[in-house]
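Here is a briefing on one structure, written for use at the bench. Keep the sequence and the 3D view open while reading.

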Amino acid sequence: MIELRTPAQIEQMRPAGRFVADVITALSRAADVGVNLLELDEIAHRMITERGAESCYIDYHPSFGASPFGKVLCTSVNDAVLHGLPHDYVLQDGDLLSVDFAASVDGWVSDSALSVVVGTPRTEDLELIEVTGRALEAGIEAARPGNRLGDISAAIGGVARAAGLGVNLQFGGHGVGRTMHGDPHVPNDGRPGRGLKLKPGLVIAIEPWFLHTTDEIYTDQDGWTLRSKDGSRGAHMEHTVAITADGPLVLTERAA
Ligand code: MG
């Protein structure tokens, strides 16, 4: 079911967005060569406790998950791109890390993801992150009343295809509200002018993710982490966006 939020409710969603943005900023600053993924999870966990927020991940147990997630953060490194289960791994020079974080504050959820390179970057990784970020911006730009869901999807997919990247349609964006995953599903490619008509009050997570040389993934033995089939690296960028009469409002915008 698709739920629309009133302007007052969207105001109530701002603290969750700000908190999630602050956690993503803290994680991007902490991520460095020699840092363990479990330390990043601990940082996010501490911030949740201090803020009195609620993790969307720790008890998360969907049909595709092997068991409850047990951590508050997704950390996907190199050929891992989504749902990376934090484990005992120390970041190495040149690793491409994607962090994905969702939490509830005052009963409202926000969800955001960011890819960074720790240490010395490979040019191709910086380019992949740049394209993914540009696809996110294009998707956000299309998230306005009068457009349709397919306009968001087409905007994202168009950036990917122009860069020669394939698009996987198994996992994409989603409605966000009292819980992390609601309707509608927001595919990362589609046809302009098709699908749900966008109305003020629709709040969605827009989250392009791309792999260098494939659009196929498989699930790691941990039951969660999704890796590229050919071992190529992935990037993932996500914001929670409220569609308002004035256009898109990025609730998880990070302070400059
Ligand atoms: Mg997310």
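How are the donor residues of the magnesium ion spaced in sequence? The pattern is D-x10-D-x126-E. The first two of these sit in separate strands, D100 in β4 (residues 96–105) and D111 in β5 (residues 108–117), 11 residues apart. The model is predicted. The points below start at the metal and move outwards through sheets, a helix and some backbone details.

**Metal site**

- The magnesium ion is coordinated by D100, D111 and E238.
- D100 appears twice in the list of donors, each time through OD. D111 also gives OD, and E238 gives OE.
- The coordination distances run from 2.0 to 2.8 Å.
- Both D100 and D111 are buried.

**H236**

- H236 belongs to strand β12 (residues 234–236).
- Is H236 buried or exposed? Its relative accessible area is 1%, so H236 counts as buried.
- The side chain of H236 makes a polar contact of 2.8 Å with the side chain of E207.
- H236 also touches the metal ligand D100. Other residues in contact with H236 include V81, L82, S98, T132 and W209.

**The three-stranded sheet**

- One open sheet has 3 strands in the order β3-β11-β10, and the pairing is antiparallel.
- Why is one side of β3 and of β10 left without a neighbour in the sheet? β3 (80–82) and β10 (217–219) are at the edges and each has a single partner strand, so one side of each stays unpaired in the sheet.
- From one strand to the next, the twist averages 45 degrees.
- β10 pairs with β11 (residues 226–228) over 3 bridges, in the antiparallel sense.
- Within that pairing, T219 stands opposite L226 in β11.

**The five-stranded sheet**

- A second open sheet is built from 5 strands, ordered β7-β6-β8-β13-β14, again with antiparallel pairing.
- β7 and β14 are the edge strands, and each pairs on one side only.
- The twist here averages 30 degrees from one strand to the next.
- β13 (residues 239–244) and β14 (residues 247–250) pair over 4 bridges in the antiparallel sense.
- How many residues does the hairpin use to join β13 to β14? The connection runs through 2 residues.
- Across this hairpin pairing, A242 stands opposite L249, and V241 has V250 as its bridge partner.

**Helix α4**

- α4 (residues 149–162) has 14 residues. From first C-alpha to last, the helix reaches 20 Å, close to the 20 Å expected.
- α4 is mostly covered, with 10 of its 14 residues buried. Among them are L149, I152, I156 and V159.
- What do the buried residues of α4 pack against? Their partners are α3 (123–141), β7 (182–186), β8 (203–206) and β9 (209–211).
- α4 lies across β7 and β8 and runs at about 45 degrees to β7.
- G164 follows α4 and has a positive phi, near 80 degrees.

**L165, just past the helix**

- L165 lies in the loop between α4 and β6 (173–175).
- Its relative accessibility is 10%, and L165 therefore counts as buried.
- Leaving aside neighbours within four places in sequence, L165 contacts L128, V131, A160, F210, L211 and H212.
- L165 and G182 are 17 residues apart along the chain, and their C-alpha atoms are separated by 27 Å.

**Backbone details worth a look**

- Most residues other than glycine have a negative phi, and most peptide bonds are trans. The residues below depart from this pattern.
- A cis peptide bond joins D183 and P184, with omega about 0 degrees. P184 sits in strand β7.
- N78 is not a glycine, yet its phi is positive, about 60 degrees. N78 is in the loop between β2 (74–77) and β3.
- With a relative accessible area of 14%, N78 is buried.
- D106 also has a positive phi, near 55 degrees, and is not a glycine. D106 is found in the loop between β4 and β5.
- At 57% relative accessibility, D106 is exposed.

Technical notes:
Residues numbered from 1 in each chain as written. Predicted model: local features only at pLDDT ≥ 70, side-chain atom pairs only at ≥ 80, totals over all residues. Heavy atoms only, no water. Donors = N, O, S within 2.8 Å, 3.2 Å for Na, K, Ca; no water. Buried < 20%, exposed > 50% of the residue type's maximum accessible area, 1.4 Å probe, protein only. Pairing = 2+ DSSP bridges. Axes fitted to C-alpha atoms, helices over the stretch in contact; angles between N-to-C directions. Polar contact = N/O pair within 3.5 Å; in protein donor to acceptor, adjacent residues only side chain to side chain. Contact = heavy atoms within 4.5 Å. Expected span 1.5 Å × (residues − 1).
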